[in-house]
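Let's take a walk through this structure together. The report below goes from the strands to the core and then out to the pockets.

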Amino acid sequence: MERFKKPLQLAGHERPADDAIERATQFGEHQIQFTQTRVIEVAPATLERTRVVTADAPPDVRSAYKLLRTQVLQKLQARDWQTLAVVSPASGEGKTLTAINLAIAIAATRTHTALLVDLDWRQPSVHRYFDFTPVTDVYDYLRGEAALSEALVSPGVPRFSFLPCRRPVPDAAEHLGALGGFVKELEQRYANRIVLFDLPPLLLADDALSFLPLVDGALLVVEEGRTKRADVERSLALIGEERLLGSVINKSAQRVIAYG
């Protein structure tokens, strides 16, 4: 089995589906019921293979994501932010897995719910980490062909759900740049929900750049020994200092550290 990727923090109208989640959150984890959101069963072996962090993950990996979560939440709360894009300079740098594990870690606080939206419309893959094939997805909802509750998926993790994308979407940049109302809808529904968006790589095309102005901040994911320094610097410039929440280095041998 491939080893887990350890994160290193550097820097800094539907809606009945979630109503049951939100009410139950107030009374404890055992009360949570997904009355309309699709709940799927995911085999522990699948989560181990795809490196999704659960209670059975190695302690140092769980601790790393907990620390990342705490730092992210502190920075979000300090700026009164609720929406976060997860990006990387190129593909294959651990962006999607980091987004999944960070969302699960946020949901584990019991003070927040976490929603992960797959907007990497060139290579959508969030659903694959749970060995799930969507029938309805976020693009169907945005086109008015499905209710949000039909697209939402819970992998059985309390307070965590995701909106999958089942196949590549043509002209992604044009579509992503027009999702301001969608972002506001997800953001304003619940005050304690953190919404994360898995976006296409920054340097691959202009898809992510079209969407970034619509969210509060961005988390940049890079891979030690793979991501070029010039690509990191270019990505940071594209995100902009005012929108950069922080950076994560995957596959680092060092302990988690922070600045800012």
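## Strand pairing

Two strands count as paired here if DSSP finds at least two bridges between them. With that in mind, have a look at S7 and S8 in this predicted model: the two strands run parallel and are joined by six bridges. One pair to pick out on screen is Val221, whose bridge partner in S8 is Val248.

S7 also pairs with S2, again in the parallel sense, and here four bridges make the link. Val87 has Leu220 of S7 as its bridge partner. Elsewhere, strand S3 (residues 113–118) and S5 are parallel too, with four bridges between them. If you want a landmark for that pair, Leu116 stands opposite Phe162 in S5.

## Covered strands

It is worth turning S7 around to see both of its sides. In a regular strand the side chains alternate between the two faces of the sheet. In S7, one side carries Gly217, Leu219, Val221 and Glu223, while the other carries Ala218, Leu220 and Val222, and all of them are buried. Put as a count, seven of the seven residues of S7 are buried.

S5 (residues 160–163) shows a similar arrangement: Phe160 and Phe162 point one way, Ser161 and Leu163 point the other way, and all are buried. In strand S2 you will find Leu84. Is Leu84 buried or exposed? Its relative accessible area is 0%, and buried means under 20%, so Leu84 is buried. Leu84 also makes a handy long-range marker, with its C-alpha lying 9.5 Å from that of Arg243 although the two are 159 residues apart in sequence.

## The nonpolar core

Which residues touch the most other members of the largest nonpolar core? They are Leu116, Phe130, Phe160 and Leu196, out of 38 residues in that core. Several elements give two or more residues to this core: the helices H3 and H4, together with the strands S2 (83–87), S3, S5, S6 (193–198), S7 (217–223) and S8 (244–250). H4 gives the most, with eight residues.

Two residues of this core have already appeared above. Leu116 is the residue opposite Phe162, and Phe160 is one of the buried residues of S5.

## Pockets

Now for the open spaces. Rolling a probe the size of a water molecule over the atoms shows where empty space is left. The largest pocket holds about 600 Å³ of space. Its lining has 28 residues, with Val53, Thr54, Ala55, Asp56 and Ile104 nearest the centre. Helices H2 (44–50), H3 (59–79) and H4 (95–107) each supply at least two residues of that lining. By class, the lining is made up of 17 nonpolar, three polar and eight charged residues.

The second largest pocket has a volume of about 280 Å³. Gly92, Thr96, Gln123, Ser125 and Tyr129 lie closest to its centre, among 17 lining residues. The classes here come to four nonpolar, seven polar and six charged.

## The whole chain

Stepping back, the protein chain has ten helices and eight strands. Of its 260 residues, 57% are buried. The accessible surface of the chain comes to about 11,700 Å², and carbon and sulfur atoms account for 48% of that surface.

Definitions and conventions
Residues are numbered from 1 along each chain as its sequence is written. This is a predicted model: local features need pLDDT of at least 70, side-chain atom pairs count only at pLDDT 80 or more; totals for chains, interfaces and linings use all residues. Side-chain values use heavy atoms; hydrogens and water are left out. On a 1 Å grid over the protein atoms alone, a cavity is a set of points where a 1.4 Å probe fits but cannot get out, and a pocket is an open set with protein on both sides within 12 Å along at least five of seven lines; lining residues have an atom within 4 Å of a point. Grid points are joined across faces, edges and corners, and a volume is the space filled by probe spheres set on the points. Ala, Val, Leu, Ile, Met, Phe, Trp, Tyr, Cys and Pro count as nonpolar, Asp, Glu, Lys and Arg as charged, and the others, Gly among them, as polar. Buried means under 20% relative accessible area, exposed over 50%, partly exposed in between (1.4 Å probe, protein chains only). Accessible areas come from the Shrake-Rupley method with a 1.4 Å probe; for residues, only the protein chains shown count as cover. A nonpolar core is a set of buried Ala, Val, Leu, Ile, Met, Phe, Trp, Tyr and Cys residues joined through side-chain atoms within 4.5 Å.
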